Amino acid sequence: MKQCDNGHFYDETRFDSCPYCQEGAGVGKTVAAGNVGKTVAAVPGHGAGDADRGKTVGIIQKKIGIDPAVGFLVCIEGPHRGEDFKLCAGRNFIGRASAMDVALVDDDTVSRESHALVSYDAKHNRFTLSPGQGRGITYCNDEQIEVAQPIHAYDIIEVGKSRLLFLPLCGDKFRWDDETQDGE
């Protein structure tokens, strides 16, 4: 993490200069940081060797050393038709900002930040869909989502003009587990 002259923290591996201070970025506006949902300590002065210091790591990532896919959203209708979006364990934010986990940047009817949220709970091996903090309404199979609810294979999530087909990888037949990675 790097701090600009105006006090903003940003990921220098993703941006050459502060994205908050760039022309048209709207200095003073609240903007999503990179990798939303993945908490990183904003401690200036640490070198590249300390990149993981202070980072909150997901359960699966901690067990097997990577942040693997647990499912996918595939856009079947809207400006991103045909694109797929990887879901990881924990929270996956859906929004229009490029920093969102599922970034629907070309759908101007999707809230910039946190229109909706798809979560994978590795401990209980289940997926949920929640409405986000944005003004937009989220639908699952044409029903409005007002509170977190379980989602299942082939459910259709609708945000703005985009319809996203949910395809879980983890479930009853497979899940990331450190025991299955060793001897098999």
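Is tyrosine 154 buried or exposed? Tyrosine 154 is exposed, at a relative accessible area of 58%; exposed means over 50%, buried under 20%, and partly exposed in between, with a 1.4 Å probe and protein chains only.

## Basis

The model is predicted, so local features need pLDDT of at least 70 and side-chain atom pairs count only at pLDDT 80 or more, while totals for chains, interfaces and linings use all residues. Residues are numbered from 1 along each chain as its sequence is written, and side-chain values use heavy atoms, leaving out hydrogens and water.

## Nonpolar cores

The largest nonpolar core (buried Ala, Val, Leu, Ile, Met, Phe, Trp, Tyr and Cys residues joined through side-chain atoms within 4.5 Å) has 23 residues. Leu73, Ile94, Val118, Ile157 and Leu164 have the most contacts inside this core. Two or more residues each come from β3 (69-77), β4 (84-88), β7 (116-121), β8 (126-131), β12 (156-159) and β13 (162-168); strands are DSSP runs of E, at least two residues, numbered from the N terminus.

Not counting residues up to four places away in sequence, isoleucine 94 touches (heavy atoms within 4.5 Å) Leu73, Met100, Val102, Leu104, Ser114, His115, Ala116, Val118, Val159 and Leu164. A second, separate core has five residues, among them Phe93, Ala97, Met100 and Ala103.

## Positive phi in loops

Asparagine 141 lies in the loop between β9 (138-140) and β10 (143-144). Its phi is positive, about 55°, although the residue is not a glycine. Asparagine 141 is partly exposed, at 38% relative accessibility.

Tyrosine 154, in the loop between β11 (149-150) and β12, is also a residue other than glycine with a positive phi, near 75°.

Technical notes: Helix = DSSP H or I, 4+ residues; strand = E, 2+ residues; numbered from the N terminus.
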